[in-house]
Amino acid sequence: MANIKNKKNLGSKKPAKNLKQKASVQKKSQPSHKARIFLTVGLLLLIVAVVIGIKSFFPCKYKYDYSVVGKDGNEKVALKLEMANNDRTRLKGLMGRKFLPRHTGMIFDFEEPGYYSMWMKDTLIPLDMVFVNNYGRVTVLAPNRLPMDETYINPCMVKFENSSKKMLNDADVEKFFDKCETLYLKPQNLTRYVIELPEGTIKENKIRVGDILLKK
């Protein structure tokens, strides 16, 4: 009988030992406090990266109120313009847009006045472009820019387009650009802003060189 008791006791202890082992295994499988912190920080960094990625993919949607005023001081047109004032938004521009409502567009702020070129790469809709100097004065008008055209659009190229029929040879063309660039490299003619608008905006609102762009 004693032997049987001992066997029973041994048999009763085995399940308890197994439960203890299982409990210790479960305890070890739970992440430590430090691991939970690392997981939380990693998740937050992932969320931040996703948000930044989304913002870089979609262009800026913030619109600011501007108006173009004639030399007589009267407003010609009120505009709601999206701001492109960093490398990401300036490179993206209006690429991929399939529609642009009237009296809306995008203003490119280059921050420092200079001689800048635009283009219509990956732009699906025709646009008007207005070049503006550091003081808000319109210096160059480039209407009817064709979709997907990768030709550089800058003050002298626009001026050349408007007078190219008068060019006879390469020497005349080179002379033309030398003279033109000298003119547009003067401080009062350097570009600070370029506005992109729906095609026809310049003609419809009679925007002229010398008009003033004002932020409301």
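In this predicted model, the count of disulfides comes to one. The bond is formed between Cys156 and Cys180, with an S to S distance of 2.2 Å. The torsion about the S-S bond is -105 degrees, and the link of Cys156 and Cys180 is accordingly classed as left-handed. Distant parts of the chain are connected by this pair: Cys156 lies in helix 4 and Cys180 in helix 5, 24 residues apart. Both Cys156 and Cys180 are buried.

The nonpolar interior was examined next. The largest nonpolar core comprises 23 residues, and the most contacts inside this core are made by Phe108, Met118, Met129, Phe131, Ile153 and Val194. At least two residues of the core are supplied by each of strand 3 (104-114), strand 4 (127-133), strand 5 (138-145), helix 4 (155-163) and helix 5 (170-184). Helix 5 provides the largest share, four residues. Helix 4 and helix 5, which carry the two cysteines of the disulfide, are thus both represented in the largest core.

A second core, separate from the one just described, contains 17 residues, including Val68, Leu79, Val130 and Ile202.

Within the largest core, Met118 is among the residues with the most contacts. When residues up to four places away in sequence are not counted, Met118 touches Phe108, Phe110, Met129, Phe131, Thr151, Tyr152, Ile153, Val194 and Glu196. Among these partners, Phe108, Met129, Phe131, Ile153 and Val194 are also listed with the most contacts inside the core.

How values were computed
Residues numbered from 1 in each chain as written. Predicted model: local features only at pLDDT ≥ 70, side-chain atom pairs only at ≥ 80, totals over all residues. Heavy atoms only, no water. Core = buried A, V, L, I, M, F, W, Y, C linked by side-chain atoms within 4.5 Å. Buried < 20%, exposed > 50% of the residue type's maximum accessible area, 1.4 Å probe, protein only. Contact = heavy atoms within 4.5 Å. Disulfide = S-S within 2.5 Å.
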